[in-house]
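Please examine the sequence and the three-dimensional model shown below before reading on.

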Amino acid sequence: YTSSVVRTLGDKLGERPSLRDFSAVGDGATDDTTAIAAALSAVAARGGGELLVDSGTYKITAALTIPTGVTLTGYGAKSVFTPVGTLSTGTGWFDITGTGARLDNFTFEGGTTTACGVFYDTYGTPDFNDQPLDPLLTGNSSIWLHPGAHNAKIQRVTITHTGGYAILIDAVDGDIRNVRIL
């Protein structure tokens, strides 16, 4: 292009790291948890930035922490996370604990299709003794914002068939500020 600046291929490719750069496969069968965690850590180590979720279905088997300043960006319904297994108490599949974490434009397919309800009643016997953070309710929550999660943004994320809360904003033991869900 006539007004363009000459740059090396390394500069150009280094602008937007993707999950596949860290050996995530995205075939729905391979456990991509370790590769995704490595990608998130690498982007955080460089001070944050955007991490691309390539088109594919990413199987995850453990909670992933979205670090401060990292944006996980996909291609909508073409970028899918599918959890397998059960999480330990107090975690979500995507945990947000820091400042400026972002989730954008992907699908979370929880795989849980059993409908259930919770009975809260001041006159009867409630199911969970008015404890919204009971492990039976929070287990396998899709996105969990923990105390200290400030300036987080969740946009264009589709959550289906979640096993716990779709999005849990947990300010029981600390402050959470400026969360935007679009």
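The paragraphs that follow treat strand pairing, one helix, the nonpolar core and a buried polar residue in turn. The model is a predicted one, and the description should be read accordingly.

A suitable starting point is strand S5, which covers residues 70-83. This strand is mostly covered, with 11 of its 14 residues buried. Which strands pair with S5 in the parallel sense? S2 does so over 4 bridges, S3 over 5 bridges, and S7 over 6 bridges. Individual residues help to locate these pairings in the model. Leu52 lies opposite Thr73 of S5, and Tyr58 lies opposite Phe81 of S5. Phe81 in turn stands opposite Phe108 in S7. Strands of a sheet pair through backbone hydrogen bonds, in either a parallel or an antiparallel arrangement.

A further set of strands may be traced separately. An open sheet is formed by 4 strands in the order S4-S6-S8-S10, with parallel pairing. Its edges are strand S4, residues 64-66, and strand S10, residues 167-169, each of which pairs on one side only. On average, and with direction ignored, neighbouring strands of this sheet are turned by 20 degrees against each other. Towards the S10 edge, strand S8 (residues 141-145) is joined to S10 by 3 bridges, and these two strands run parallel. One position to inspect there is Ile143, whose bridge partner in S10 is Ile167.

Attention now turns to helix H2. This helix comprises 13 residues, 33-45, and spans 18 Å from its first C-alpha to its last, close to the 18 Å expected at 1.5 Å a residue. Its buried residues are Thr33, Ala35, Ile36, Ala39, Leu40 and Val43. What covers these buried residues? The cover includes strand S1 (27-31), strand S2 (49-52), strand S3 (56-60), S4 and S5. After the helix comes Gly47, which has a positive phi near 95 degrees.

The helix and many of the strands meet again in the description of the core. The largest nonpolar core has 31 residues, and those with the most contacts inside it are Leu19, Leu72, Phe81, Phe94, Ile96 and Leu103. At least two residues of this core are supplied by each of H2, S3, S4, S5, S6, S7, S8 and S9. The largest share, 5 residues, comes from H2. Leu19 illustrates the surroundings of one such core residue: with residues up to four places away in sequence not counted, Leu19 touches Ala24, Ile36, Ala39, Leu51, Leu52, Val53, Asp54, Tyr58 and Phe81. Among these contacts, Ile36 and Ala39 belong to the buried residues of H2, while Phe81 is the residue of S5 that stands opposite Tyr58.

Finally, a polar residue deserves inspection. Asp104 is located in strand S7. Is Asp104 buried or exposed? Asp104 counts as buried because its relative accessible area is 9%, and the cut-off for buried is under 20%. Its side chain makes a polar contact with the side chain of Arg156 at 2.9 Å. Leaving aside neighbours within four places in sequence, Asp104 is in contact with Leu72, Thr73, Gly74, Gln155, Arg156 and Val157. Two of these names have appeared above: Leu72 is among the core residues with the most contacts, and Thr73 is the residue of S5 opposite Leu52.

Notes: Residues are numbered from 1 along each chain as its sequence is written. This is a predicted model: local features need pLDDT of at least 70, side-chain atom pairs count only at pLDDT 80 or more; totals for chains, interfaces and linings use all residues. Side-chain values use heavy atoms; hydrogens and water are left out. Two strands pair if DSSP finds at least two bridges between them. Axes are lines fitted to C-alpha atoms, for helices over the stretch in contact, and angles run from 0 to 180 degrees between N-to-C directions. The expected span of a helix is 1.5 Å times one less than its number of residues. Buried means under 20% relative accessible area, exposed over 50%, partly exposed in between (1.4 Å probe, protein chains only). Contact means heavy atoms within 4.5 Å. A nonpolar core is a set of buried Ala, Val, Leu, Ile, Met, Phe, Trp, Tyr and Cys residues joined through side-chain atoms within 4.5 Å. A polar contact is a pair of N or O atoms within 3.5 Å; within protein, one must be able to donate a hydrogen and the other to accept it, and residues adjacent in sequence count only if both atoms are side-chain atoms.
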